Amino acid sequence: MESIWEKTAQLPTFEPLRRDIRADALVIGGGLAGLLCAHELTQAGLRCVVAEAGRICGGVTKNTTAKLTTQHGLVFHKLLKRFGAERARACLDANAAALDRIRTLCQDIPCDFEEKPNYVYSLDNPRLLERELAALDRLGRPAALAKDLPLPFSVAGAVRFDRQAQFHPLKFAAAIAEKLPIFEHTRVLEVETGRAVTEHGAIKAEHIVVATHFPFLNKFGAYWLKLYQSRSYVLALKGGPELDGMYVDASGKGLSFRSYDGMLLLGGGSHRTGKPGGGWAGLEDFARRHYPDAHPAARWAAQDCMSLDGAPYIGLYSPRLPGLYAVTGFNKWGMTSSMAAATLVTDLALGRDSPCREAFSPSRCVLRPQLAANAGESALNLLTPTRPRCPHLGCALKYNPQEHSWDCPCHGSRFAADGSLLDGPATGGLVHDQAKR
């Protein structure tokens, strides 16, 4: 199950760490967020290294749909209500600035960068569109209402943002990585103030960034309660229509569309990891009905960390841990959020103020309805008397027949049929008897 990005790009390779070293900053995790954090910290004059447990971009980055958007859903009327105008505007401006920064970098990187309009459509609720347009106007970045979309079903309309973009994420990441000191196959086992311990050496650094998708240090920050993970699925269809734009359903449960290299990338099927989901079946059925002349060239699945309130967690991992930063909770908005995280982390490391510091703070208010749902899911699966169990925090795993994996409905760790680790926050696989179904 390779994504179209894996099939069409080659990433550089790096040696493992084999000795103790010192740097100004350490980034743990070599996905796009980690690479961009390291790039921006380096550009700011800090000596920065990256420690990656496996291969760079071996997790979520290779499975994205690679849309670069200021807006990736009808979110800003909600953020305006939850955060107030100042913080909601900071979130909006941070994503716009992130898109501009990536646009600038892509001028020197051959990564199939294309400017396209982005459409967030609603099937049946024009009132949602009106509220979002009013919120964007109030926040100083007005958008347009679109009515007629080139999709094979009717919609109530869409919010259109112009001068958005799409690209090839692994071609971009490969160019960024080539300029960085990276240690692959270097798993961080322990983190303490100013120091991280790996299997074959320690790294001392004043600033340490945890960019591992889901934070793996459970003692601080309560990320195991503030996050859950969601899976979604993608088909790359040859023979589908060429779309001059990117399209995503406002509900988060519908379909997304974009084109790449003569293929239509059709996404959807979103569900909480560890819960029942349709996998690729629904997408395949949709393609048969609406694009009968198209055929799949690739298929893959993505996994996203979802925060409590729709904004990411970027900033101090915990107020008790100066110099340790978390980068997570991108809510299916990982491309521009990765650059927004890199910008904010760099500002924090250099002691500079940032208008999005409070809005993205991991220590902000957690009293949101999703908190109760996360707590209930954890309690239910901790009390479920079945095997195998997740080595992260002990939740009962659920078998995923679509992907032949064991998935954790509490925090989203996933394991192959042989027990090997597929997705964190678990840091190791299942023992042999646990892996037996």
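**Strands and cysteines**

In the paired strands of this predicted model, Phe-415 has Leu-421 of E21 standing opposite. Phe-415 belongs to strand E20 (residues 414-416), and E20 and E21 pair in the antiparallel sense over two bridges. Strands (E, at least two residues) and helices (H or I, at least four) are DSSP runs, numbered from the N terminus. Two strands pair if DSSP finds at least two bridges between them.

Residues are numbered from 1 along each chain as its sequence is written. Because the model is predicted, local features need pLDDT of at least 70 and side-chain atom pairs count only at pLDDT 80 or more, while totals for chains, interfaces and linings use all residues; side-chain values use heavy atoms, with hydrogens and water left out.

The pair E20 and E21 is part of an open sheet of four strands in the order E18-E19-E20-E21, with antiparallel pairing. The edges are taken by strand E18 (398-400) and strand E21 (421-423), each of which has a single partner strand, so one side of each is left without a neighbour in the sheet.

A disulfide is found beside these strands in the sequence. A disulfide is a covalent bond between the sulfur atoms of two cysteines; here it is counted when the two sulfur atoms are within 2.5 Å. How many disulfides does the structure hold? There is one, and it joins Cys-395 to Cys-410 with an S to S distance of 2.2 Å. The torsion about its S-S bond is about -100°, so the disulfide is left-handed. Cys-395 lies in the loop between helix H11 (369-383) and E18, and Cys-410 in the loop between strand E19 (405-407) and E20, so the bond ties together parts that are 15 residues apart in sequence. Both Cys-395 and Cys-410 are buried, where buried means under 20% relative accessible area, exposed over 50%, and partly exposed in between (1.4 Å probe, protein chains only).

Other cysteines give a contrast. Cys-57 is in no disulfide, and the nearest cysteine sulfur, that of Cys-111, is 13 Å away. Cys-57 is buried, with a relative accessible area of 3%. What keeps Cys-111 from a bond with the closest cysteine sulfur? That sulfur belongs to Cys-106 and is 3.5 Å from the sulfur of Cys-111, which is too far for a bond. Cys-111 is also buried, at 1% relative accessibility.

Earlier in the sequence, strand E6 (residues 157-166) has several pairings. E6 is mostly covered, with seven of its ten residues buried. Strand E4 (residues 114-122) runs antiparallel to E6 and is joined to it by eight bridges. Within that pairing, Glu-114 has Gln-166 of E6 as its bridge partner. Strand E5 (residues 144-146) pairs with E6 in the antiparallel sense over three bridges, and here Leu-145 is the bridge partner of Val-159 in E6. Strand E3 (residues 67-68) also pairs with E6 in the antiparallel sense, over two bridges. In this case Leu-68 stands opposite Ala-165 in E6.

Strand E13 (residues 256-260) is another covered strand. How many of its five residues are buried? The count is five of five. In a regular strand the side chains alternate between the two faces of the sheet. In E13 both faces are covered: Ser-256, Arg-258 and Tyr-260 are buried on one side, and Phe-257 and Ser-259 are buried on the other.

E13 takes part in two hairpins. With strand E12 (residues 246-249), E13 pairs in the antiparallel sense over two bridges, and the bridge partner of Val-248 is Ser-256 in E13. Six residues lie between E12 and E13 in this hairpin, and Gly-252 in the turn has a positive phi of about 80°. The pairing of E13 with strand E14 (residues 263-272) is also antiparallel, over five bridges, and Tyr-260 stands opposite Met-263 in E14. This second hairpin has two residues between E13 and E14, and Asp-261 in its turn has a positive phi of about 50°.
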